[in-house]
Amino acid sequence: MGNTIVRMSGICKRFPGVKALDDVQFELKSGEVMALLGENGAGKSTLVKILSGVYTRDSGQMEIFGSPQGDLTPKTAQALGVAIIHQELNMCRHLSIAENMFLGRELVGGLFLNDREMEQEAGRVLSELNIDLNPGDIVGDLPVSKQQMVEIAKALSTNARVLIMDEPTSALTSKEIGDLFRIIKQLREQGCGIIYISHRLDELRHIVDRVTVMRDGKYILTEDFHNISMDEIIAAMVGREIKEKFPHVTCEKGEKIFEVRNLNAGKLVRDINFELYKGEIVGIAGLMGAGRTETTRAIFGADPKTSGEIFVEGKEVKITSPETAIRAGVVMAPEDRKKDGLCTKLTVRHNIALPNLDWLCDLFSFVRSAKENTTCAEAVRNLKIKTPGVDVDAGNLSGGNQQKVVVGKWLARESRVVIFDEPTRGIDVAAKVEIYNLMNQLKLQGIGVLFVSSELPEILGIADRILVMCDGRITGELAAEDATQEKILTLATRFEEKFLA
Ligand SMILES: Nc1ncnc2c1ncn2[C@@H]1O[C@H](COP(=O)(O)OP(=O)(O)OP(=O)(O)O)[C@@H](O)[C@H]1O
Ligand SMILES: [Mg+2]
């Protein structure tokens, strides 16, 4: 580790109704990876946004490479060598990869943009990162994990010396995570300082040198990673010990509540058959690209089906759109919350009320506000959504709290089946337990719970039964008692012979 390249002290930042940062200190050395940890809403993103010029601080000192800094803008921060990969994907969906990478710093030749050079340079960075994409590809057409890799490539293309990664791995496949870690180590060798924010605590040991923990907008501690245990880190984040990371409740398996027969859709949903019973949680495991999200989207009517029948409580239901799914009692919390799950420009209240207007409105289609108030208040209370009130824009909540709003709006209505696609992505340890408790609560109420997850410990800890998918098919089913990571991975890589040839 080298010299101190970033020093922040006494940093305060207030938003309407929230003190996001209260006298926070932070230090980064060259050639180190510093993990910045804390619960949802602790202030991590706000702190790094101040360092990268997205927000200005209310008070406090900030030094970068030894020189004191006043208020930065994204441009001046970039000129100092500070690059940030934002938590929420931040790209222009209709532009190409190369256009996104050079947005705001386009290469020009004479009067015109030098498209060729930009594409070449973008291609170089992509191949350095082992990303098999074409610089001309339109970003909006890429799956989330690829968009995230492009976001990373974009930050690296600025030759940063201070690189901030705000939850870079939350949407990546394990191979991509491996590539990213390789790059992080390489950058560290070159003397780059890296700030690494993540809720995936188990991945820290691969790359992290030191940790800084924040809680409720306050600085708690900084420690060498080798000198602190995971339990101590969690206790510092949460302010208490978490006894049970995967609370499991057992209850009697009841009658069949949901059935999918011979479902086919697109290329990645091939002859899917399964049943859900009351009193159980079913997990869908598989590698990224196995068709799990596609399957849930087809069930929910978000994508068209080529064939297949769906039964709720023994009766066939025709699901042709999310609206018909909701009416049939089937609801879903999607994977890409910013695009599909949440209206960031609407308030928390309206996000929660929106899918519930059918029963929140009176005969004349006016919203019954007393009912709306209690529904929203309940969702905020049950999920411990951290927000100054229900009338702030959902987009202003911290990432994890946005996810809670997505889940909250569905819990407000009486559903028969709830489908969760990666429900705990970007959610802190304590809030994860809250989401698991909620799933358990649904299970005890006799509601069918289906959840897709890429985190094997979570699937193993929470599901009663596990379906494993590979290449659009269900390749096996395991009872939770007999399931192991190895067994799941074997099924998750069971490709058909013709694909291996
Ligand atoms: N633009 C904004 N307007 C109003 N409040 C905000 C804004 N940005 C952040 N906040 C509030 O500041 C607090 C800190 O949020 P921040 O996004 O920094 O948390 P975080 O530690 O990054 O959480 P997460 O792990 O969920 O991403 C939260 O209470 C959040 O609601
Ligand atoms: Mg954040």
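Start by selecting domain 2 and domain 3 in this predicted model: their C-alpha centres are 25 Å apart. Zoom in on where they touch, and you will find 13 residues from domain 2 and eleven residues from domain 3 making the contact. On the domain 2 side, highlight helix 15 (residues 429–444), the element that contributes the most there, with four residues. Colour that side of domain 2 by residue class and you get seven nonpolar, two polar and four charged residues.

Now give each domain its own colour. Domain 1 covers 4–238, domain 3 covers 342–413, and domain 2 comes in two segments, 256–329 and 414–500.

Next stop: ligand 1. Select its surroundings and 20 residues light up, with F15, N40, S45, S398 and G400 the closest. Strand 2 (18–29), helix 1 (44–51) and helix 14 (399–411) are the elements that each supply two or more residues to this shell. By class, the shell holds twelve polar, five nonpolar and three charged residues. Keep the domain colours on here: ligand 1 lies between domain 1 and domain 3, because both give residues to the shell.

Finally, zoom out to the whole protein chain. Switch to cartoon view to follow its 18 helices and 22 strands. The C-alpha atoms fill a box of roughly 70 × 60 × 50 Å along the principal axes. The radius of gyration is 23 Å, which agrees with the value near 23 Å for a compact globule of 501 residues. Colour by burial, and 46% of the 501 residues count as buried. Of the contacts with a separation of 6 or more, 69% join residues 24 or more positions apart.

Note on methods:
Residues numbered from 1 in each chain as written. Chains lettered and ligands numbered in written order. Predicted model: local features only at pLDDT ≥ 70, side-chain atom pairs only at ≥ 80, totals over all residues. Rg over C-alpha atoms; globule rule 2.2 N^0.38 Å. Buried ≥ 20, exposed ≤ 12 C-beta atoms within 10 Å, placed from the backbone. Contact = placed C-beta atoms within 7 Å. Near = placed C-beta within 6 Å. Nonpolar A, V, L, I, M, F, W, Y, C, P; charged D, E, K, R; others polar. Domains from an automatic or database assignment.
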